[in-house]
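Hi there,

Here is the structure I promised to pass on to you. Could you open it alongside this email and follow along as you read?

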Amino acid sequence: MKQKAILPKSFFRDHPLANISFARFSYFQMAELKQGTMSEIYAKTSLSDLLPKERVEQIAAENERISHLQTAEDVIQALRKVKEPFCRDAIVKRALEMEDTVLPLLLQRYQTNRVDFFIEGAAHIFARADVRYAEALFADYESIRSDYARAQACLVFAAKDRKQAIPLLLTEMNRLKTVTNREFRTDLSQAPLLALYVLNNEPF
């Protein structure tokens, strides 16, 4: 049964999403990770057909190391230092296996970190973790210093179906219009706007 719309259709006619944006890219990754689709793709894809042998071996070794991390701090440091995209799923998986110790620390670090790669990885973890961490992220939202981290948090609220975030998303949509993501050259308001589309069951 389709859920009742929260915002009127006119809102979305007046606020179209950009065709290409960091928000679309990030939310797609969150949704895929949440469903386990990326793990399935990686499992069926031979990296040796795509990458040089040396890099494939490095990825395998790094993923093996990540799978044996023992402390929350170890996982946080991996999230901060490991830049290899094909290792992100391993970090997310290990963080979720150690959720009770990793997520409280991750919430603290997320408030002050300004490194895009770390912020994106952390947001993906929040999107897959128990919903109570998304609720904690929402409760501590005003303490998040980075506007990019705030934008990614908006996408987490959408991924976790947190409709109580809608008033905040409307406010942030207007506030973040002047802040631009360098990679995609779109303003950060695309994140709360996309979250509003998701929470309103509006196609995009």
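Below is what I found in it, going from the overall fold to the details.

Please keep in mind that this is a predicted model.

First, the overall layout. The protein has 12 helices and 2 strands. Along the sequence they follow the order α-α-α-α-α-α-α-α-α-α-α-β-β-α, so the two strands sit between the eleventh helix and the last one, given how elements are numbered from the N terminus. Of the 204 residues, 50% are buried. If you take the contacts between residues at least 6 apart in sequence, 73% of them join residues at least 24 apart.

Next, the interior. Nonpolar side chains tend to be buried together in soluble globular proteins. In this model the largest nonpolar core contains 71 residues, and Leu-106, Tyr-110, Phe-126 and Leu-137 have the most contacts inside it. Helix α10, which spans residues 147–159, is the top contributor to this core, with 10 residues. Leu-137 is a handy place to start looking around: setting aside neighbours within four places in sequence, it touches Leu-107, Tyr-110, Phe-126, Ile-144, Ala-153, Val-156 and Phe-157.

Helix α10 also has a partner you may like to inspect. It packs against helix α12 (residues 190–199) at an angle of about 5°, and the two axes lie 8 Å apart. Angles under 35 degrees count as roughly parallel, so α10 and α12 fall into that class. On the α10 side the contact is made by Ala-151, Cys-154, Leu-155, Phe-157 and Ala-158; on the α12 side it is made by Ala-191, Pro-192, Leu-194, Ala-195, Val-198 and Leu-199. By class, that contact has 11 nonpolar residues, with no polar and no charged ones.

Helix α6 (residues 88–97) is worth a look too. Buried means under 20% relative accessible area, and 8 of the 10 residues of α6 meet that, so the helix is largely enclosed by the rest of the structure. Its buried residues are Arg-88, Asp-89, Ala-90, Ile-91, Val-92, Arg-94, Ala-95 and Leu-96, a list that includes the charged residues Arg-88, Asp-89 and Arg-94.

Finally, the cysteines. Cys-87 is buried, with a relative accessible area of 0%, and Cys-154, from the α10 side of the helix contact, is also buried at 0%. How many disulfides are there? The count comes to 0.

Best wishes

Note on methods. Residues numbered from 1 in each chain as written. Predicted model: local features only at pLDDT ≥ 70, side-chain atom pairs only at ≥ 80, totals over all residues. Heavy atoms only, no water. Core = buried A, V, L, I, M, F, W, Y, C linked by side-chain atoms within 4.5 Å. Buried < 20%, exposed > 50% of the residue type's maximum accessible area, 1.4 Å probe, protein only. Helix = DSSP H or I, 4+ residues; strand = E, 2+ residues; numbered from the N terminus. Contact = heavy atoms within 4.5 Å. Axes fitted to C-alpha atoms, helices over the stretch in contact; angles between N-to-C directions. Parallel < 35°, antiparallel > 145°, perpendicular 65-115°, else oblique. Disulfide = S-S within 2.5 Å.
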